[in-house]
Structures are given as C-alpha cells and as structure tokens.
Amino acid sequence: MTNQSILQIFKDCGAIMQGHFLLTSGRHSDTYMQCAKLFEDPKVGELLCSQLLKQIKHLNVNMVASPAMGGIIMGYEIAKQLGIKNIFCERVDNVMTLKRGFEVAKDTNILVVEDVVTTGGSIKEVITLLKNLGANVVGCCSIVDRSNGGVEFEVPYFALLSTKVESFLQQDCPMCKTGESQAYKMGSRK
Ligand code: ZN
C-alpha cells in the first residue's frame with residue numbers, strides 16, 4: 001500500500017482534515033489530525049493494522065502491550081491479528097502501571113503498540129515498566145509517526161505513516177495573511 005493510498009484512507013475517515021486550525025499550542029496549521037477516527041470504523045482499523053504488521057512479521061512476539069488511552073483499541077486489533085494476548089498499561093499518580101490483574105511472565109517477548117507517536121513519551125514509559133517486570137521488549141509501533149522519524153526508542157520502531165504537520169505562529173500564518181478565514185479551534189490535543 002502506497003503512502004498516497006494510506007493518506008487517502010486518513011482523509012476519507014476524517015483523521016486528517018484540511019483547513020485553517022488553531023492548535024492547542026496556539027500555533028496555526030492547515031492540517032489537523034484526529035487519529036481516534038482511524039478506529040471509528042473497525043474495518044479501517046483492521047486494514048491499517050494489517051498493513052503495519054507486514055513490517056513487523058519478522059519479530060518474534062508473544063504479547064502486545066499498549067499505553068491507555070490511545071493505544072488500547074489498536075493494541076487489541078494487533079493482538080487479534082497476531083493471535084496473541086493483549087494487555088494495556090495506565091498511569092496512576094502519573095506513573096505508568098500494570099493494573100486490572102494483567103501480569104507479564106519473565107522473558108515474554110512484547111510488542112508495544114500506540115496509535116500516534118508525537119514525543120514517544122508513553123511508549124518509553126511502557127518499555128521501562130515492562131523491562132522492570134522482566135519482559136523482553138522486542139519492538140514498538142504506531143500507525144502514525146508525527147515526529148517524522150525524529151523520535152528514537154531503545155527498541156526497533158515501526159510506523160505506517162511518518163509525517164510532520166507544519167504549523168505557524170499567528171503572525172506568520174499564510175492563511176491569516178490572505179484574510180479569507182479565521183483559525184478554527186479543534187477539541188483535543190491529538
Ligand atoms: Zn492562521
């Protein structure tokens with residue numbers, strides 16, 4: 001599947017919108033990404049995960065782990081396609097934790113899954129948690145790499161789409177300069 005056809009799927013399901021947006025950073029952009037939309041239609045999520053898994057099939061994985069919230073649905077889908085178990089981690093008092101009776105046996109080969117990587121912080125916290133539990137983290141992946149290859153992990157990282165959304169200070173915003181539109185504020189940090 002080409003980058004072009006992946007981008008078209010993102011547009012078709014509303015995960016990428018074109019317009020004039022005010023980001024939570026205060027900067028303006030002509031592109032807005034809402035990656036939760038990728039899994040609104042389970043068939044789209046299934047397709048994107050199967051495409052991503054083509055990059056990962058050489059890894060020997062026994063279990064999938066993801067950080068809440070963003071990675072949970074994707075982690076489930078990846079685990080389903082691999083036919084292996086799926087767990088998720090969540091923050092308690094800001095510390096990534098394994099709750100809900102989830103356990104990791106020593107030396108389990110784990111793939112860490114997240115929908116979007118921006119700074120990679122959540123994945124890094126999950127890797128540290130799992131390693132401290134004695135697991136063997138063999139890789140990590142996301143549908144979208146918003147750092148466009150800028151984030152480095154201590155394990156191999158795979159992404160279906162690498163991109164960097166360009167943004168501008170208001171005074172430098174080319175859309176503001178035309179005066180044809182005002183920046184529209186969207187709801188969520190992703
Ligand atoms: Zn603007």
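**Note on the predicted model: strand β3, helix α3 and the zinc site**

1. Ser66 is placed in strand β3, and this assignment, like everything below, refers to a predicted model. With a relative accessible area of 1%, Ser66 falls under the 20% cut-off and therefore counts as buried.

2. The surroundings of Ser66 can be described at the level of individual atoms and residues. Its side chain reaches the backbone oxygen of Gly71 at 3.3 Å, and, leaving aside residues up to four places away in sequence, Ser66 touches Gly71, Ile72, Gly75, Ile87, Phe88, Cys89 and Val113.

3. Which residues of helix α3 are buried? In this helix, which spans residues 72-82, they are Met74, Gly75, Glu77, Ile78 and Ala79. As general background for reading such a list, an α-helix has 3.6 residues a turn, so residues three or four places apart point the same way.

4. The buried residues of α3 pack against one helix segment, α2 (42-53), and against the strands β3 (63-67), β4 (85-92), β6 (109-117) and β7 (136-145). Gly75, one of the buried residues of α3, is also among the residues that Ser66 touches.

5. Leu82 also lies in helix α3, but its relative accessible area is 36%, and Leu82 is therefore classed as partly exposed. Not counting residues up to four places away in sequence, Leu82 touches Leu53, Val64 and Leu111. Just after α3, Gly83 takes a positive phi of about 70°.

6. For a sense of distance across the model, Leu82 and Gln18 may be taken as a pair: they are separated by 64 residues in sequence and by 34 Å in space, C-alpha to C-alpha.

7. The zinc ion is coordinated by His20 through NE2, His28 through ND1, Cys173 through SG and Cys176 through SG, at 2.0 to 2.3 Å. The angles among the four donor atoms run from 97 to 117°, and the site is tetrahedral, because the criterion asks that all angles lie between 85 and 135 degrees.

8. How are the donor residues of the zinc ion spaced in sequence? The pattern is H-x7-H-x144-C-x2-C. Distant parts of the chain are linked by the pair of His28, in strand β2 (residues 28-33), and Cys176, in helix α5 (residues 174-178), which are 148 residues apart.

9. Are these two donor residues buried or exposed? His28 is buried, at a relative accessible area of 4%, whereas Cys176, at 26% relative accessibility, counts as partly exposed.

Technical notes: Residues numbered from 1 in each chain as written. Predicted model: local features only at pLDDT ≥ 70, side-chain atom pairs only at ≥ 80, totals over all residues. Heavy atoms only, no water. Donors = N, O, S within 2.8 Å, 3.2 Å for Na, K, Ca; no water. Tetrahedral: all angles 85-135°; square planar, octahedral: opposite > 155°, others 65-115°. Helix = DSSP H or I, 4+ residues; strand = E, 2+ residues; numbered from the N terminus. Buried < 20%, exposed > 50% of the residue type's maximum accessible area, 1.4 Å probe, protein only. Contact = heavy atoms within 4.5 Å. Polar contact = N/O pair within 3.5 Å; in protein donor to acceptor, adjacent residues only side chain to side chain.
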